[in-house]
Amino acid sequence: MADKVVKSSIYDCSIVHLPKVHNRTGNITALENEKTIPFKVKRVYYLYDVPGGAERGGHAHRKLQQFIISASGAFDVLLDDGLNKKLVRLDRPHIGLHIVPGIWREILDFSSGAICLVLASENYEENDYIRDYEHFKQFRADTGSSDI
Ligand code: TYD
């Protein structure tokens, strides 16, 4: 049986200012599990060569947490908990966006050459995805806590 968890909201998602070591020859930002990243990273992937006008990532996750960084360039992340929506522009490699489970997210308005780096708390598991927005709305509409 699935775990009972309290439903998340977009206000549980947060912008994280990452440490930056700066000198004349450039910057370095280091990420560490359960310190800079608020969970244990199991998987890293990145989106690149995204054509102009493309929208990626229209889905929610039941359990997976993610931490998104613009490694290069800029893009918007749309967060949606079924009630509230928020658009976050990521355009600096020292800014991260932590997204909790149960949030619909889309990634859009990529600048040319942008690289969207995603750190995930779980391995790739198709069963963890909610890919259909109507299904997502139904999942969010369930009262109280939900089996996610
Ligand atoms: P998907 O998560 O649907 O990307 P987006 O929502 O940004 O469009 O993944 C697209 C394809 O890539 C899908 O066929 C599954 C595959 N994929 C993997 O094999 N491993 C991964 O870690 C990810 C994120 C995707």
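## Tyrosine 46 and its surface patch

Let's start with tyrosine 46, which has its place in strand E5. This is a predicted model, so please read everything below with that in mind. Tyr46 also helps to build a nonpolar surface patch, together with Val44, Tyr48 and Ile115. The area of this patch is about 400 Å².

## The largest pocket

Strand E5 turns up again in the largest pocket: E5 (43–47) and strand E6 (56–61) each give at least two residues to its lining. The volume of this pocket is about 150 Å³.

Which residues line the largest pocket? They are Arg43, Tyr45, Leu47, Arg56, Gly57, His59, Arg105, Tyr124, Tyr129 and Arg131. By character, the lining splits into four nonpolar, four charged and two polar residues.

## The five-stranded sheet

Strand E6 also belongs to an open sheet of five strands, and here the order is worth following on the model: E9-E8-E11-E6-E13, with antiparallel pairing. Strand E9 (85–90) and strand E13 (129–130) are the edge strands, each pairing on one side only.

Now for the two partners of E6 in this order. With strand E11 (residues 104–108), E6 forms an antiparallel pair over two bridges. Which residue of E11 is the bridge partner of arginine 56? That partner is isoleucine 107. Arginine 56 is also one of the residues lining the largest pocket.

With E13, E6 again pairs in the antiparallel sense, over two bridges. Here histidine 61 stands opposite tyrosine 129 of E13. Tyr129 is another residue from the pocket lining, and its strand, E13, is an edge of the sheet.

## Salt bridges

How many salt bridges does the model hold? The count comes to seven. One salt bridge joins the side chains of arginine 89 and aspartate 76, with an N to O distance of 3.1 Å. This pair links distant parts of the chain, 13 residues apart: arginine 89 lies in strand E9, while aspartate 76 lies in strand E8 (residues 75–80). Both strands appear in the sheet order given above, where E9 is followed by E8.

Technical notes: Residues numbered from 1 in each chain as written. Predicted model: local features only at pLDDT ≥ 70, side-chain atom pairs only at ≥ 80, totals over all residues. Heavy atoms only, no water. 1 Å grid on protein atoms, 1.4 Å probe; cavity = no way out; pocket = protein on both sides within 12 Å on 5 of 7 lines; lining within 4 Å. Points joined across faces, edges and corners; volume = space filled by probe spheres on them. Helix = DSSP H or I, 4+ residues; strand = E, 2+ residues; numbered from the N terminus. Nonpolar A, V, L, I, M, F, W, Y, C, P; charged D, E, K, R; others polar. Patch = residues over 30% accessible without salt bridge, like charges linked within 9 Å, V, L, I, M, F, W, Y side chains within 5 Å. Areas by Shrake-Rupley, 256 points an atom, 1.4 Å probe, with all protein chains shown as cover. Salt bridge = Lys/Arg side-chain N within 4 Å of Asp/Glu carboxyl O. Pairing = 2+ DSSP bridges.
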